[in-house]
Amino acid sequence: MPQHPQPSASWTLHNRSNERIEFQTFDPARGTWKNQVSYPHQTTPYTLSPGVASGKIRVGTANRGYVEYDVEAGGSYSIVWNRQSGVWDVRTRRDG
């Protein structure tokens, strides 16, 4: 039987700040972290490797280390400044 290539899945990230934010994404099929940049109020889709349903994102804050989250295919996420903890944070978007 011929193998049909699996479609690539993607997730989106929205920068809800007025800042340029550097962060990294991880695709388990690639096996390495990839540097990314998001500009103020930019929404960007990120494609996962074919057959991969989830990946990771990590966002660093100066002198505070980084936060790391799982991202799912089809998911929509935002980068926001968390005033309580003083770090950049990633949240699942719930747009209604």
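A salt bridge is taken here as a side-chain nitrogen of Lys or Arg within 4 Å of a carboxyl oxygen of Asp or Glu. In the structure described here, which is a predicted model, three salt bridges are present. One of them joins Asp89 to Arg91, with the closest N and O atoms 4.0 Å apart. The two partners differ in their surroundings, since Asp89 is buried, with a relative accessible area of 9%, whereas Arg91 is partly exposed, with a relative accessible area of 37%.

A further salt bridge is formed between the side chains of Glu22 and Arg20, at 2.8 Å from N to O. Glu22 is exposed, its relative accessible area being 52%, and Arg20 is partly exposed, at 45% relative accessibility. Lys56 and Asp70 also form a salt bridge, in which the closest N and O atoms are 2.7 Å apart. Because Lys56 lies in strand S5 and Asp70 in strand S6, this pair ties together parts that are 14 residues apart in sequence. Lys56 is partly exposed, with a relative accessibility of 28%, and Asp70 is likewise classed as partly exposed, at 48%.

The strands that carry the Lys56–Asp70 pair, S5 and S6, belong to an open sheet of four strands, arranged in the order S3-S2-S5-S6 with antiparallel pairing. The edges of this sheet are formed by strand S3 (33-38) and strand S6 (65-72), each of which pairs on one side only. From one strand to the next, the twist averages 30°. Strand S5 (residues 54-61) and S6 run antiparallel and are joined by eight bridges; within this pairing, Gly60 has Tyr66 in S6 as its bridge partner. S2 and S3 also run antiparallel, and six bridges join them, with Thr25 standing opposite Lys34 in S3. These two strands, S2 and S3, form a hairpin with six residues between them, and Gly31 in the turn has a positive phi of about 80°.

The largest nonpolar core contains 16 residues, of which Trp11, Leu13, Phe23, Ile57, Val59 and Ile79 touch the most other members. Two or more residues are given to this core by each of strand S1 (10-15), strand S2 (21-26), S5, S6, strand S7 (76-82) and strand S8 (87-92). The largest contribution comes from S8, which gives three residues. In soluble globular proteins, nonpolar side chains tend to be buried together. The surroundings of one core residue, Val59, can be given in detail: apart from neighbours within four places in sequence, Val59 is in contact with Ile21, Glu22, Phe23, Gly65, Tyr66, Val67, Ile79, Trp88 and Val90. These contacts include Glu22, the residue that forms the salt bridge with Arg20, and Tyr66, the bridge partner of Gly60 in S6.

The aromatic residues were examined next. A search of the whole structure finds five aromatic pairs. One of these is formed by Phe23 and Tyr46, which are arranged edge-to-face, with 6.0 Å from centre to centre and 85° between the planes. Since Phe23 lies in strand S2 and Tyr46 in strand S4 (residues 43-47), the pair ties together parts that are 23 residues apart in sequence. Both Phe23 and Tyr46 are buried. The rings of Trp81 and Trp88 have their centres 5.1 Å apart and their planes at 75°, so that this pair, too, is edge-to-face. Of these two residues, Trp81 is partly exposed, with a relative accessible area of 41%, whereas Trp88, at 13% relative accessibility, is buried. Phe23 and Tyr46 further belong to one aromatic cluster together with Trp11 and Tyr77. Trp11 and Phe23 are also among the core residues that touch the most other members.

Strand S4 also holds Thr47, which counts as exposed, with a relative accessibility of 56%. When its neighbours within four places in sequence are left aside, Thr47 is in contact with Ser8, Ala9, Ser10 and Asp27. Thr47 and Glu68 are separated by 21 residues in sequence and by 18 Å in space, from C-alpha to C-alpha.

Conventions: Residues are numbered from 1 along each chain as its sequence is written. This is a predicted model: local features need pLDDT of at least 70, side-chain atom pairs count only at pLDDT 80 or more; totals for chains, interfaces and linings use all residues. Side-chain values use heavy atoms; hydrogens and water are left out. Two strands pair if DSSP finds at least two bridges between them. Axes are lines fitted to C-alpha atoms, for helices over the stretch in contact, and angles run from 0 to 180 degrees between N-to-C directions. A nonpolar core is a set of buried Ala, Val, Leu, Ile, Met, Phe, Trp, Tyr and Cys residues joined through side-chain atoms within 4.5 Å. Buried means under 20% relative accessible area, exposed over 50%, partly exposed in between (1.4 Å probe, protein chains only). Contact means heavy atoms within 4.5 Å. Rings of Phe, Tyr and Trp (its six-membered ring) pair if their centres lie within 6.5 Å; planes under 30 degrees apart count as stacked, over 60 as edge-to-face and the rest as tilted.
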